[in-house]
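The following exercises concern domains, nonpolar cores and salt bridges. Each task is followed by a solution in steps.

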Amino acid sequence: MAISLFELFKAGIGPSSSHTVGPMEAACRFAGTLEEEGVLPSVYRLKVSLYGSLGATGKGHGTGPAVMMGLQGARPDRIDPEEMPAQLDRIRSAGTLLLAGQHPVRFREATDLVYYRRKSLPQHPNGMICQAFDKTGQCLCEKTYYSVGGGFVVEGSTDGTLRIREDDTPLPYPFSSGKTLLALCRDQHLSIADIMLANEQAWRTPDEIRKGILELWQIMRACVQNGIRHEGELPGGLKVRRRAASLYGSLMDKKRVDLISPSLSALDWVNLYALAVNEENAAGGRIVTAPTNGAAGIIPAVLHYYWEFCPGADEEGIIRFMLTAAAIGALFKENASISGAEVGCQGEVGSACAMAAAGLAAATGGSPEQVENAAEIGMEHHLGMTCDPIGGLVQIPCIERNAMASVKAIDAAIMALRGDGKHYVSLDKVLHTMRETGRDMLDKYKETARGGLAVNIIEC
């Protein structure tokens, strides 16, 4: 399966790639299908049913608003999050929405958007069924979609299987394992970034790839600045206060002497970058899915560390970083999972940490073997991490986990660069272990908010 960098990294909105970006994309596809099949003018009423993790934590993750926007034809990479509240207010007050952006239909959020907290569809924990009815109540169209992580959407079929539309674009250097990737690098005398760049040219020109990567980098930078600028409480009811603005103020105060150690001051900035991005994500702001929204702060934080603190940092290093991280992300996507609902938080924060560690190692001159080692270290120390968001919100423990994983990624890169690339446990072995661990993990620890911290918070 061919996976592009621009599938793993894409502009979207918070707070969740699987619960917000994916459902919006699925709803938009459904609206497009109604138009393509010529039944759009006959649609009188809609119903969207959310199952599994979408049903259990969808309200906290903003799934409902995302679905309503998608039904109106909005796409995650194009919608302005600041315009969403006014549009949602209009839908709720009028009891109608503009299907596919052109046909008004009845839509009552309380009855036409159903959260099944204890029911799941058979093929994936993030399932949803979209239905369209005419005035007589006859179902004109029904589609099942699965949001499989990172904003990826797969359509179900009538026989209960997933219609996975695999990209069969021929690549000059196909790889599906870390071992194969390293062998290609040795045989072709290329870096991992070179391999990924050559493969990306199956879809885009070199100029388009460069421009696209730098545009993603600019969105990440803007997200950090937005996170620093905004203050107050995050939405959702937990009354979690945003910390990035005050942390930025303290770091800019040159008279402060409360740093643990001057030599560790860079880590304060790394924490700031990660907190800023994930607070923006939790508030429904514009972010880059990298490779998920729940872990969207790690790669931007480590990229900012490279840009601000690594000697000789330049745009070519940013491009090497992103291409290398995408190659590692493709291995996670194909051999394990990047979905918290499928394998727990190890699939989100763990995979992002590994991708960031590999990217930093590559951007600072690491060999392919050192890069693979950095990715392995980053993932190995997230094995078994559960996904247990309090209140179903991407806030606690998600925001701080991004900061911690960002620091781990930097340390993983440093450790790998201090070595020669030889190590006992390969990335492939860690991926296999991650997949098995996720399979054995109880469902209550997989983004359902029914286990772990989500149910063990005691009011004092």
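Buried area is the accessible area, taken with a 1.4 Å probe, that two parts lose on being put together, summed over both. The model treated here is predicted.

**Exercise 1. Describe the two domains and the interface between domain 1 and domain 2.**

Step 1. The domain assignment of the protein chain gives residues 16–155 as domain 1 and residues 178–445 as domain 2. Taken over C-alpha atoms, the centres of domain 1 and domain 2 are separated by 30 Å.

Step 2. Contacts are then counted: 17 residues of domain 1 are in contact with 18 residues of domain 2.

Step 3. Between domain 1 and domain 2, an area of about 1,200 Å² is buried, and carbon and sulfur atoms give 56% of this area.

Step 4. Salt bridges between domain 1 and domain 2 number 0, while the structure as a whole holds 14 salt bridges.

**Exercise 2. Compare the assigned bounds with the UniProt annotation that covers residues 4–155.**

Step 1. The annotation, from an unreviewed UniProt entry, reads "domain: Serine dehydratase beta chain" and covers residues 4–155. In the domain assignment, domain 1 is given as 16–155.

Step 2. The annotated span, residues 4–155, is 36% helix and 30% strand. Its end C-alpha atoms lie 20 Å apart.

**Exercise 3. Locate the largest nonpolar core with respect to the domains, and state which residues touch the most other members.**

Step 1. The largest nonpolar core has 107 residues, and those touching the most other members are Leu5, Phe9, Ile299, Met322, Phe332 and Leu360.

Step 2. This core lies between domain 1 (16–155) and domain 2 (178–445), because both domains give residues to it.

Step 3. Leu360 serves as an example: leaving aside residues up to four places away in sequence, Leu360 touches Val302, Tyr305, Tyr306, Cys310, Phe321, Ile410 and Ala413.

Step 4. Another core, of 36 residues, lies apart from the largest one; Leu40, Leu99, Ala100 and Ala132 are among its members.

**Exercise 4. For three salt bridges, state where the partners lie and whether they are buried or partly exposed.**

Step 1. The criterion for burial is a relative accessible area under 20%; a residue is exposed over 50% and partly exposed in between.

Step 2. Arg45 and Asp112 form a salt bridge through their side chains, at 3.7 Å from N to O. This pair links distant parts of the chain, with Arg45 in strand E2 (residues 45–51) and Asp112 in helix H6 (residues 109–112), 67 residues apart. Arg45 has 22% relative accessibility and so counts as partly exposed, whereas Asp112, at 1%, counts as buried.

Step 3. The side chains of Arg210 and Glu316 meet at 2.3 Å, N to O, in a salt bridge. Because Arg210 belongs to helix H9 (residues 206–229) and Glu316 to helix H13 (residues 315–335), the pair ties together parts that are 106 residues apart in sequence. Arg210 is partly exposed, with a relative accessible area of 29%; Glu316 is also partly exposed, at 38% relative accessibility.

Step 4. A salt bridge joins the side chains of Arg242 and Glu280 at 2.6 Å, N to O. Arg242 is in the loop between H9 and helix H10 (244–252) and Glu280 is in helix H11 (residues 265–282), so this pair ties together parts 38 residues apart in sequence. Both Arg242 and Glu280 are buried.

**Exercise 5. Which residues are linked with Glu25 in a network of salt bridges?**

Solution. Arg29 and Arg75 are linked with Glu25 in this network.

Note on methods. Residues numbered from 1 in each chain as written. Predicted model: local features only at pLDDT ≥ 70, side-chain atom pairs only at ≥ 80, totals over all residues. Heavy atoms only, no water. Core = buried A, V, L, I, M, F, W, Y, C linked by side-chain atoms within 4.5 Å. Buried < 20%, exposed > 50% of the residue type's maximum accessible area, 1.4 Å probe, protein only. Domains from an automatic or database assignment. Contact = heavy atoms within 4.5 Å. UniProt positions renumbered as here; feature names shortened; annotations may be inferred. Helix = DSSP H or I, 4+ residues; strand = E, 2+ residues; numbered from the N terminus. Salt bridge = Lys/Arg side-chain N within 4 Å of Asp/Glu carboxyl O.
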